[in-house]
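Reader: Hey, got a minute to walk me through this fold? Let's start with the strands.

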Amino acid sequence: MRAGMNVFAAVFVAVLVVLGATIFTVDQRQYAIVFQLGEVRSVIEEPGLYLKWPLIQNVRYFDKRILTLDSAEPERFITSEKKNVLVDSFTKWRIIDPKLYYISVAGDESRAKTRLTQTVNAGLREEFGKRTVHDVVSGERDKVMEQMREKADLDARKIGVQIVDVRVKRVELPNDVSESVYRRMDAERKRVANELRSQGAADAEKIRADADKQREVIVAEAYRDAQKMKGEGDARATAIYAQAFEGNAEFYAFYRSLEAYRGSFKGKTDVIVVEPNSDFFKYMKSIGRGGGGDKAGK
């Protein structure tokens, strides 16, 4: 009885071992290549549970996700101006043909990264050599990245890889040329500032001249209107005087003499020297009703 149990247990363990060597799973994040005696038998791209022949077949897995290739140190490139720049970039890539990937780089990710690094750097060197520092920093940066991605992708597909994106994180000048560039930039900024200040001063002078001109025009027009109104007033006053003179000449003469007296003797210290018998004092003399001539003469 015990011997039968041992045989059953041994058979059960053997079955488990055989099943373990026969059944394998593929994750949704992976590709699987089934090899038979060292040759590629099949490529599995869909996740699930699969069978293989034990001992004569084996399985290798490859990542299906997007991977990142990030340069450890910035690379030095030369622009069309013959200026050195340090470029720090990264590349997004993924495997799209597991069989070609295995044949090209033996499924070694480090070898694939080396190939992609060489491809990307060669493309960047070519693109940077066509452009100025300004273009690669801001002017045509997106265009450079898109062209670089297309060129790198054409070469990467030869090893079963797709280049999803190529991005430049930063572009810097080497330390030996940064100082001279900064000095030149500072001089350029000062020149622009001086031009703006000169333009501002010229505009200010123009505005002040225009304001002075408008002020002169306004003052002249106001003086003209004032003189016109004054002339009209004088004309009306003269007309009124003339009308009054025509109505009663004696009263008009008396009124005008009173106005002259009022204008001549405004203060207590005012003095006027004329002959006593002058017509100016005509209405200050008593002309004699009731015999008051002697008093007036005194």
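Author: Sure, one term first: two strands pair if DSSP finds at least two bridges between them. Strands (E, at least two residues) and helices (H or I, at least four residues) are DSSP runs, numbered from the N terminus. The model is predicted, so to say: local features need pLDDT of at least 70, side-chain atom pairs count only at pLDDT 80 or more, and totals for chains, interfaces and linings use all residues. Residues are numbered from 1 along each chain as its sequence is written, and side-chain values use heavy atoms, leaving out hydrogens and water.

Reader: OK, how do E2 and E3 pair, and over how many bridges?

Author: Strand E2 (residues 30-36) pairs with E3 in the antiparallel sense, over five bridges. Ile33 has Val43 in E3 as its bridge partner, and Phe35 stands opposite Val40 in E3.

Reader: What links E2 and E3?

Author: They form a hairpin with two residues between them, and Leu37 in the turn has a positive phi of about 55 degrees.

Reader: And what's the strand order in the open sheet?

Author: E3-E2-E5, three strands with antiparallel pairing. The edge strands are E3 (39-44) and E5 (57-63), each pairing on one side only.

Reader: Switching topic: which residues have the most contacts inside the largest nonpolar core?

Author: Val85, Trp93, Tyr101, Leu116 and Phe128, in a core of 32 residues. A nonpolar core is a set of buried Ala, Val, Leu, Ile, Met, Phe, Trp, Tyr and Cys residues joined through side-chain atoms within 4.5 Å. Buried means under 20% relative accessible area (1.4 Å probe, protein chains only). Another core, of six residues, lies apart from it, with Phe24, Val26, Ala32 and Val59 among them.

Key:
Buried means under 20% relative accessible area, exposed over 50%, partly exposed in between (1.4 Å probe, protein chains only).
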